[in-house]
Amino acid sequence: MKNIEHDSGFHHIGHKLLDWYGKNARNLPFRNTKDPYKIWICEIVFQQTRITQGLNHYNNFIKRFPDVQTLATAEEDEVLLYWKGLGYYSRAINIHKAAQQIINEYHGVFPSEYEEILQLKGVGKYTAAAISSICFGAKLPAVDGNFYRVLSRIFADDFDVSTSQAFTYFSQLAHLILPENAGDFNQAMMDLGSEICKPKNPLCPECPLREDCLAFSLDRVSEFPVKKKKVKTVDLALKYYFVHRDGRFLIQQRKDDFIWKKLFEFPSEIPEELIPFIKSVKMISHKLTHKNLSIEIFNVEVDSAEVWEDFIGKNEYVITDFEGSHEKSFPKPLENYIQNYHTAYRFL
Ligand code: SF4
């Protein structure tokens, strides 16, 4: 960036992007509002979820929790239920806590300053910049992976995006092209990054910035962004016991925060007296971000009423059935397992 540090001749790039956005902005429900509550929910929902996949969830969530007050006073389990299918449930838990924070610390009025928004539970620099620029006119770039990719291509800049300094570096670079209307600019970058300057096979001939893009003019687009460090993937083995009788089964809420915080799961151990009821075992592989899970699920069909009654009388598990399980949130592989069990059980 050393050659361009003092150069103010790059703002036309931001303006070109705004012109393009004016004609091509995607018609999304959260584009017609400056309500910080809705923009906040939208930013969190779409952090790790594609727009097409998350749109129904976003609409349903806003319908049930239309404002901070409704969300803050809801039960956490219900918030988790409305998050079902989006994954990364800690986001829902944080949203719920932050809503209560807004009630307690800001008398229910969404804070308008970047620094205050940043203090809300689960809100990082990107989200705080997005909300304060879109809703309150702050002149801040909302720097995320899209910015890293687009800027490193425009400037053919080989700064390593996997380093911890990347955020500060690309924030400075973004300021070089940032127009007054940072809110629209940030949304334009979001659209450009997902529709045109995509990670793979970017549509350069259709790009409004191609005349200014150094990587394009040098025919080196595929070299950017530069990412040197590979994130390590962890292998994790989990064991569950699906203990059931007459269509009812045992579940418990997760206490371990490592993955699937607060979701429901099957027991991870059983006492000696249930071991003889193990009928089969199923192995499931499941991928989470940077984690490969091997899940072993033992099918424990307790075909003795006496043992079943004795066991559930002595333990504090939640007992549910297929319909009841819809009221709870489960990790995806367990939800699939329950669905398969239900399908098989109906034909017994
Ligand atoms: S010309 Fe291609 S590489 Fe450059 S910003 Fe546009 S889409 Fe991205």
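**Figure 1. Proline 225 in its loop.** Let's start with proline 225, which lies in the loop between α12 (214-217) and β1 (234-245). Keep in mind that everything here comes from a predicted model. Now look at the link between phenylalanine 224 and proline 225: this is a cis peptide bond. Its omega angle is about 0°.

**Figure 2. Alanine 156, a residue with a positive phi.** Here we zoom in on the loop between α9 (145-154) and α10 (166-177), where alanine 156 lies. Check its backbone: phi is positive, at about 45°, although alanine 156 is not a glycine. Is this residue buried or exposed? Alanine 156 counts as buried because its relative accessibility is 18%, and the cut-off for buried is under 20%.

**Figure 3. Lysine 262, also with a positive phi.** This view moves to the loop between β2 (248-253) and β3 (264-265), where you'll find lysine 262. Lysine 262 isn't a glycine, yet it has a positive phi of about 65°. How much of it can be reached from outside? With 27% relative accessibility, lysine 262 counts as partly exposed.

**Figure 4. The ligand and the residues around it.** Where does the ligand sit? You'll find the ligand in the largest cavity. Several cysteines are around it, namely Cys197, Cys204, Cys207 and Cys213. Two arginines, Arg153 and Arg210, are there as well, and so are Ile196, Phe216 and Val221. What kinds of residues make up this shell? Seven are nonpolar and two are charged, with no polar ones in the shell.

**Figure 5. Glutamate 296 and its contacts.** Next stop is strand β5 (residues 291-301), which holds glutamate 296. Leaving out residues up to four places away in sequence, glutamate 296 touches Leu238, Lys239 and Tyr240, and also Val281, Lys282 and Met283. Try finding alanine 237 too: this residue and glutamate 296 are 59 residues apart along the chain, yet their C-alpha atoms are separated by 7.8 Å. Glutamate 296 counts as partly exposed because its relative accessibility is 26%, which falls between the cut-offs of 20% and 50%.

**Figure 6. Asparagine 94 in a helix.** Asparagine 94 is found in helix α6 (residues 90-106). Which residues does it contact, once neighbours within four places in sequence are set aside? For asparagine 94, those contacts are Lys121 and Gly122. Valine 123 is worth finding as well: 29 residues separate it from asparagine 94 along the chain, and the two C-alpha atoms are 8.5 Å apart. Asparagine 94 is buried, since its relative accessible area is 19% and buried means under 20%.

**Figure 7. Stepping back to the protein chain.** After all those close-ups, here's the setting they belong to. How many helices and strands are there? The protein chain has 15 helices and six strands. Its C-alpha trace spans about 80 × 50 × 35 Å along the principal axes. Of the 348 residues in the protein chain, 48% are buried. The surface that the protein chain exposes comes to about 18300 Å², with carbon and sulfur atoms supplying 49% of it. As for contacts in the protein chain with a separation of 6 or more, 67% of them involve residues 24 or more positions apart.

Notes: Residues are numbered from 1 along each chain as its sequence is written. This is a predicted model: local features need pLDDT of at least 70, side-chain atom pairs count only at pLDDT 80 or more; totals for chains, interfaces and linings use all residues. Side-chain values use heavy atoms; hydrogens and water are left out. A residue is near a molecule or strand if one of its heavy atoms lies within 4 Å of it. On a 1 Å grid over the protein atoms alone, a cavity is a set of points where a 1.4 Å probe fits but cannot get out, and a pocket is an open set with protein on both sides within 12 Å along at least five of seven lines; lining residues have an atom within 4 Å of a point. A molecule sits in a cavity or pocket if more than half of its atoms lie within 2 Å of its grid points. Ala, Val, Leu, Ile, Met, Phe, Trp, Tyr, Cys and Pro count as nonpolar, Asp, Glu, Lys and Arg as charged, and the others, Gly among them, as polar. Helices (H or I, at least four residues) and strands (E, at least two) are DSSP runs, numbered from the N terminus. Buried means under 20% relative accessible area, exposed over 50%, partly exposed in between (1.4 Å probe, protein chains only). Contact means heavy atoms within 4.5 Å. Accessible areas come from the Shrake-Rupley method with a 1.4 Å probe; for residues, only the protein chains shown count as cover.
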